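Here's a quick walk through a few local features, for anyone about to set this thing up. Have a look first.

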Amino acid sequence: MAQELCSPLHCNVCLMLQAHQEVGVLDDGESAKSCQLLNCSGCQMVRYCNRQHQKLDWAIHREFCQAIQAIKKTLNISHPLRVSGTNPKNKEDMEKTIIQLKYLLRNALERTMQYHEEELTSFPIYCPICFSFKNLNVVCSDCQNQVYCSEEHLMQHREGHSKVCASLQLYYTPYKTIMAKELQLQLKDKVGNMKNMDLVAMFEKAFDCKVPQDPTKSLQDYQLFSYAADFSCIATICYTLSHMNVAACHDTYMNIFIIGATFEAVLWFREIHCKFFFQQFEQITNLELHFIGPEMVEPHENSLEFEFLGKLRKVQFHCFKGLFQDYCRLWKINPILMVAFNCGFSEFSRRYNCLPHFQSNNSEPLNSQQQDTWSGAIGEMLPYDCPIMFTSFTKQESQFDFAAFETAAKSLQMKIEIERVFKVSKNPYRDLRPLRQWYFGDDESIYYRNGYLQVIKTNRFS
């Protein structure tokens, strides 16, 4: 995930901030203090700390840059933020400009945009007061991630910017680019009642250490902070099981489906996370995790076995690369709990409903139904006689995700009543690392993985 981080305010290779350059030295030995970030003259949307890094990035940047240049040439404009013909004059103009630029870029690329392309076009450099994108020489001294054309405009924007300043500092910290290492921490005490805690309190009690208040101070601080954040998935499962007393009904064995999985087994279900699970539910000795999703990267079968709390513990990983509806046709297994992290059940309808329906003579409008794989999966999830736990990035998305279940039940004419067991406005065990919102239809400009949590059960009626 660190490799997905980019920003027009950073070098697109090393993510070196101008404000941080006074304490570093670049690869070619040049003093970082004297270095100024260089704009890409082609697209004018990325910067580099030196020409060597620009050359290194060209293989990845080429397609994006050439597409932006093609748009500029076709429209005869000098800057990509002039796609509407004039400079944006207010927030609404800028939002429309960014939406239009994204639409034109998708057409030019003839594919969906990649993560870094969405980032660069969602957060271009401009002054948030006058919306100018020239002569932006004033930077917020705290987060180093908001620019202005003058000190006066910085002062005017101070109150509004203060709401996201700390989050931006954390989001763009260069330490995210360094591979996180496995920390040698030992579980100390059983956490106890997770209903009255959050992720930070849980981690500090479980490991008897403090989570840094300012993770951007040093690499060591950030890695400890990130290590704590990685417990979000397993802690959310434990919180759900504790809340519903599901685990109390089972002696030594439990199986869980994780639907829409990608790399969860690699990052968030390592041995230390499984030990935390067993610490909360000591009677469980065998845990089976079924990771199901078309983007799975893990081997089909894997397992962990270790002594913990005086008992032999076994974790079996079953990984299926494909859709849940295909999995159901092949395997008849009844889970204790079904889980979907950051599910996006209504992702495509939400995403494209936020955009105006642009259409040109050369392309068809985006068809979200062709990409929607969740409707079929939801139809297969509903008949299972077990709780379904799912998380969403934002509050608005959580509402759409719940509605997706109701819509599926009605459209498939299922004789099923959907019971919302509990809905948490904000998941206390959400990830600690902030993310930025690409879409203007959602009011949460900063959001978090596993931000909102819901659990439903289904009841058949005649």
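## Cysteines

Cys65 is buried, since its relative accessibility is 2% and the cut-off for buried is under 20%. Keep in mind that this is a predicted model. The closest cysteine sulfur to that of Cys65 sits in Cys40, 3.6 Å off, and that's too far for a bond, because a disulfide needs the two sulfur atoms within 2.5 Å.

So how many disulfides does the structure hold? The count is 0. Cys11 isn't in one either: its nearest cysteine sulfur belongs to Cys49, at 3.7 Å. Cys11 is buried too, with a relative accessibility of 0%.

## Helix α10

Is helix α10 largely enclosed or open? It covers residues 271-280, and 8 of its 10 residues are buried, so the rest of the structure largely encloses it.

If you want the names, the buried residues in α10 include the aromatics Phe276, Phe277 and Phe278. Ile272, His273 and Cys274 are buried as well, and so are Gln279 and Gln280.

## A positive patch

Now for the surface. Lys395, Arg420, Lys423 and Lys426 together form a positive patch there.

Take Lys423 as one example from that patch. Its place is in strand β11, which runs over residues 416-424. Is Lys423 buried or partly exposed? With a relative accessible area of 40%, Lys423 counts as partly exposed, because that label covers values between the 20% limit for buried and the 50% limit for exposed.

Conventions: Residues numbered from 1 in each chain as written. Predicted model: local features only at pLDDT ≥ 70, side-chain atom pairs only at ≥ 80, totals over all residues. Heavy atoms only, no water. Patch = residues over 30% accessible without salt bridge, like charges linked within 9 Å, V, L, I, M, F, W, Y side chains within 5 Å. Areas by Shrake-Rupley, 256 points an atom, 1.4 Å probe, with all protein chains shown as cover. Salt bridge = Lys/Arg side-chain N within 4 Å of Asp/Glu carboxyl O. Lys, Arg positive; Asp, Glu negative; His and termini not counted. Charge placed at Lys NZ, Arg CZ, Asp CG, Glu CD. Helix = DSSP H or I, 4+ residues; strand = E, 2+ residues; numbered from the N terminus. Buried < 20%, exposed > 50% of the residue type's maximum accessible area, 1.4 Å probe, protein only.
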